[in-house]
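Student: I should like a close look at a single part of this model. Please take one helix and describe its surroundings in detail.

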Amino acid sequence: SLSDDARADNSIVRSAFDGLAAAGVTIVVAAGNGGRRGPEEATRTIPARYASVIAVSALADGNGEGGEGIGLFKVTRRYYELDESFADFSNYGAGVSLIAPGVKILSTFKNRNYAYLSGTSQATPHVAGAAALYRVKHPNATPSEVRSALRAAGTQFSPIDAPDPDYEPALDVSGF
């Protein structure tokens with residue numbers, strides 16, 4: 001879970017990611033959360049812009065079920081999201097491979113605690129776990145084949161609030 005402006009891109013960083021993928025390592029990265037100007041096209045950030053990675057955006061899922069939403073759900077004291085919507089902070093675009101739950105995710109936290117956190121960094125572990133599940137059954141799959149399989153297994157997700165027409169599939173491991 002790292003992200004930087006594409007202006008920080010350099011051949012050493014790109015070579016490291018591309019080299020790992022060429023060696024058979026499936027790399028799953030956060031698409032990034034919007035900065036001061038709000039969410040942006042994920043190809044403007046690294047490493048989400050690299051073809052050698054699986055970039056993940058975040059969806060708001062208040063009930064843990066796909067399909068019919070439950071309306072607004074409370075994330076924090078002053079922050080609400082619409083169930084089954086594109087998380088309002090998530091980067092988006094053609095560089096994103098999948099979308100996964102990333103709002104109000106129970107996660108490990110400092111000092112041996114747990115906390116509810118939101119971000120594309122919370123969505124990414126869902127996809128990394130799915131990639132691991134796929135690799136168990138397909139140990140010789142290349143990173144590109146893993147990405148293709150996860151996208152093919154994903155469900156259609158086209159929320160009314162999507163910031164772009166590049167609807168990435170929602171993660172779905174029910175067939176694994």
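Tutor: The account below concerns helix H3 and its surroundings.

The model is predicted, so local features need pLDDT of at least 70 and side-chain atom pairs count only at pLDDT 80 or more, while totals for chains, interfaces and linings use all residues. Residues are numbered from 1 along each chain as its sequence is written, and side-chain values use heavy atoms, with hydrogens and water left out.

Helix H3 covers residues 143-153; helices (H or I, at least four residues) and strands (E, at least two) are DSSP runs, numbered from the N terminus. Pro-143, Val-146, Arg-147, Ala-149 and Leu-150 of H3 are buried, where buried means under 20% relative accessible area, exposed over 50% and partly exposed in between (1.4 Å probe, protein chains only). Viewed down the axis of H3, these buried residues fall within an arc of 165°, so they line one face of the helix; the arc is that of the directions from the helix axis to the C-beta atoms. Helix H1 (11-22), strand S4 (53-60), S8 and H2 are among the elements covering them.

Helix H2 (residues 120-137) deserves separate treatment. The axes of H2 and H3 come within 10 Å and cross at roughly 110°; axes are lines fitted to C-alpha atoms, for helices over the stretch in contact, and angles run from 0 to 180 degrees between N-to-C directions. H2 is therefore roughly perpendicular to H3, given that angles of 65 to 115 degrees count as roughly perpendicular, under 35 as roughly parallel, over 145 as roughly antiparallel and the rest as oblique. On the H2 side the contact (heavy atoms within 4.5 Å) is made by Val-127, Ala-130, Ala-131, Tyr-134 and Arg-135, and on the H3 side by Glu-145, Val-146, Ala-149 and Leu-150. These residues divide into seven nonpolar, no polar and two charged; Ala, Val, Leu, Ile, Met, Phe, Trp, Tyr, Cys and Pro count as nonpolar, Asp, Glu, Lys and Arg as charged, and the others, Gly among them, as polar.

Leaving aside neighbours within four places in sequence, Leu-150 is in contact with Ile-54, Leu-98, Val-127, Ala-130, Ala-131 and Phe-176. Leu-150 also belongs to the largest nonpolar core, of 21 residues, where Leu-150, Val-28, Ile-54, Val-56, Val-103, Val-127 and Val-146 touch the most other members. Such a core is a set of buried Ala, Val, Leu, Ile, Met, Phe, Trp, Tyr and Cys residues joined through side-chain atoms within 4.5 Å. S4, strand S5 (72-76), S8, H2 and H3 each supply at least two residues of this core, and the largest share, five residues, comes from H2.
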